[in-house]
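This report covers the surroundings of the DNA strands, the nonpolar core and one helix pair.

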2 protein chains.
Amino acid sequence: MKREPANIKQVAEKAGVSMMTVSRVINDSGKVAQETREKVLKAIKECHYYPNSIARGLASNKTNIIGIVIYDSGRLRHNMFYEMINGIERIASEFGYNIMLFSYREGEDYSERIVESGLIDGVILMGITINYEDIRYLEKIGFPYVVIGKRNIDDLNPYTVVLDYEEAFQRATQFLIDSGERKIGFAGVARGFDPDLDKLTGYQEAFNHSGLFCDPENIIYFDGIGNKKGYGDIARLYERGVRTFVLTDCGRMRETLEFASIHKLCIPGDLKICIFNDEKMDISDILRLASLTDRGGGYMVPQIEMNRFNVGQEAGKLLLARIENKKDMCRTVKVSLDFIYEAPAE
Amino acid sequence: MKREPANIKQVAEKAGVSMMTVSRVINDSGKVAQETREKVLKAIKECHYYPNSIARGLASNKTNIIGIVIYDSGRLRHNMFYEMINGIERIASEFGYNIMLFSYREGEDYSERIVESGLIDGVILMGITINYEDIRYLEKIGFPYVVIGKRNIDDLNPYTVVLDYEEAFQRATQFLIDSGERKIGFAGVARGFDPDLDKLTGYQEAFNHSGLFCDPENIIYFDGIGNKKGYGDIARLYERGVRTFVLTDCGRMRETLEFASIHKLCIPGDLKICIFNDEKMDISDILRLASLTDRGGGYMVPQIEMNRFNVGQEAGKLLLARIENKKDMCRTVKVSLDFIYEAPAE
DNA sequence: TTGTAGGCGTTATCAG
DNA sequence: CTGATAACGCCTACAA
């Protein structure tokens, strides 16, 4: 019962035309007489014909597939990516593209599996451990790509969706300063992780603009992206009298909550935090926070939020613009983040 | 500088052999003299040759791509899927397959975009609104597929990774009964959503096995999968004296928290809940729960958990077994869930 | 507006 | 063990 799929030749025969005419109808290209077109469409329907994407790809050297490479330590599996992927998918599907997912593995031959295989027309790179060599490679061979998140690479201005962490963290810090805070901890900066440098810059600029001294002792650095750090540094700052913290990611938030929980500190009474809402969390994390606030249900921690779906959409648009027309175009798109500092009216 | 990629012919010439010999070396198929093989490998390296997957796909009628179709209302964008996708990806990549993501859109021509295009060798279906017609279609044309989550389809036993909700919810309910609870609310059953029926069965069986009456009045139904229900029914049961609830998903949990928050009820003092941890949540959700518990930081809501990564892996294995060898095989794999009812020692 | 010929890069088949 | 030849299904380029 498993009939072989029909091909263009059978359709052509049934319609009494040549393969080319069928091809033209399918692709809406060239001129086809209305009458002929209808004959062809009828034959297509009768044969249950669907164009074979693979054959098409081979003949036209274009697969209409875009790749998404996720650089993640594997330990993290940041669910933030999922919403970005959804955003990319939305745009891709609008343009008639499909998406293919790759999980980057340390030491693999990137080019072979992902680029040189001829499977994809372009690629979007995301994730914490993005390999700069890979970006350089793509640039060198002129393969369409887009990076999500700013990366500082010498003498190279990659196609990028830039997330404006600097602005967001400046705004958040400014909010705290305007609220009268002076000793504000910053946790933390992952060494060698460019986006964290932007966050730090924003934090520092808020102090500068306010004519205040930004005490470097209040900044927590750590090594290794995504590393669990423990709350030792938080405790150290707390002992120095710091009661307010800007937290750069949910990992830092967990550490701070751990500290608060153990010392029975309430939020915001004993400890104020401002967080970057970079990932969604499990119930078990939620329960760590439970009973840590001293206000009624309505209390909202000031937080920086990113519209991840939108970020994915922007990346998709940038890549497809690059793929579809080769003319000179902008290499970067900047996306700003939201800073939310009070419970939205409902 | 954009050198065209080398093809098998060029490699063959450089190695002084035929294309077929190169092909055999690449695919490790057939017998090739050691000496010849080395010549070929050398030529491959010199040409920077990588096999073209598309051409391969056309010639062999096998793309080594598996599709993942996500049926989601678009409003939900359940991040639970992401971990499953990761599990699939892990297995796929072990077997040398790539994965392609499709987001199902209402009313689209499923077959054309996803199956008949010849792009994929098999497909995994997941998501709340899986279309039974699509499953029937795949079964009919004999296309390899696997469904995640049990679906009851007349006269059809689909390839499925079955999630044992029944067992998990029975265990959870039994735990509550053993703790002395008698009036236990169940929220909720989405009409027409098969997995919810399994959850309900588990709940009811716990009562049966305990020789207790399972009051149907304590069961909350709602229409439309994923619909926001509001906490009206929770309130109604609460008024009837129900102080303990089994919640079937995070949506129901939000409603219950909403109710608890407004009425200043504490957990577990005023209200006990047992939840199914089906998705990760945003900080804003977390803050709804904050200050709602009356115990110290260590309190853990009894919860049912699913290893989503593992579910993905099982689906991947099932599909690939189907794709790679046609012999009769098991059509279903059952995955059990965990029930966690106290804070794990740390 | 329509058709013909050739090729995309690989594998299957069959012959040596 | 190795090689020539014919597909695979479609598109590009050119011709009618």
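Helices here are DSSP runs of H or I with at least four residues, numbered from the N terminus. The model is predicted.

**DNA surroundings**

On that numbering, α2 (19–27) and α4 (53–60) of chain A, and α2 (19–27) and α4 (53–60) of chain B, each contribute at least two residues to the surface near DNA strand D. For DNA strand C, two or more residues apiece come from α2 and α4 of chain A and from α1 (8–15), α2 and α4 of chain B. The table sets out both surfaces.

| DNA strand | Residues around it | Closest residues | Composition |
|---|---|---|---|
| D | 26 residues | I8(A), A55(A), A59(A), K31(B), T36(B) | 15 nonpolar, 9 polar, 2 charged |
| C | 27 residues | K31(A), T36(A), I8(B), S23(B), A59(B) | 15 nonpolar, 9 polar, 3 charged |

**Nonpolar core**

In soluble globular proteins, nonpolar side chains tend to be buried together. The largest nonpolar core of this model holds 164 residues, and I99(A), I124(A), I99(B) and I124(B) have the most contacts inside it. Leaving aside residues up to four places away in sequence, I124(A) touches I66(A), I68(A), I88(A), V146(A), I148(A), A315(A) and L319(A).

**Helix pair in chain A**

How do α8 (residues 165–178) and α9 (residues 194–209) of chain A pack, and at what angle? Their axes lie 7 Å apart at an angle of about 35°, and the crossing of α8(A) and α9(A) is right-handed. Residues making the contact include Y165(A), F169(A) and I177(A) of α8(A), and P195(A), Y203(A) and A206(A) of α9(A). The contact residues of α8(A) with α9(A) comprise 7 nonpolar, 5 polar and 5 charged.

Methods:
Residues are numbered from 1 along each chain as its sequence is written. Chains are lettered from A and ligands numbered from 1 in the order in which they are written. This is a predicted model: local features need pLDDT of at least 70, side-chain atom pairs count only at pLDDT 80 or more; totals for chains, interfaces and linings use all residues. A residue is near a molecule or strand if its C-beta atom, placed from the backbone, lies within 6 Å of it. Ala, Val, Leu, Ile, Met, Phe, Trp, Tyr, Cys and Pro count as nonpolar, Asp, Glu, Lys and Arg as charged, and the others, Gly among them, as polar. A nonpolar core is a set of buried Ala, Val, Leu, Ile, Met, Phe, Trp, Tyr and Cys residues joined through C-beta atoms within 7 Å. A residue is buried if 20 or more other C-beta atoms lie within 10 Å of its own, exposed if 12 or fewer, and partly exposed in between; C-beta atoms are placed from the backbone. Two residues are in contact if their C-beta atoms, placed from the backbone, lie within 7 Å. Axes are lines fitted to C-alpha atoms, for helices over the stretch in contact, and angles run from 0 to 180 degrees between N-to-C directions. A crossing is left-handed if the near helix is turned anticlockwise from the far one by less than a right angle, and right-handed if clockwise.
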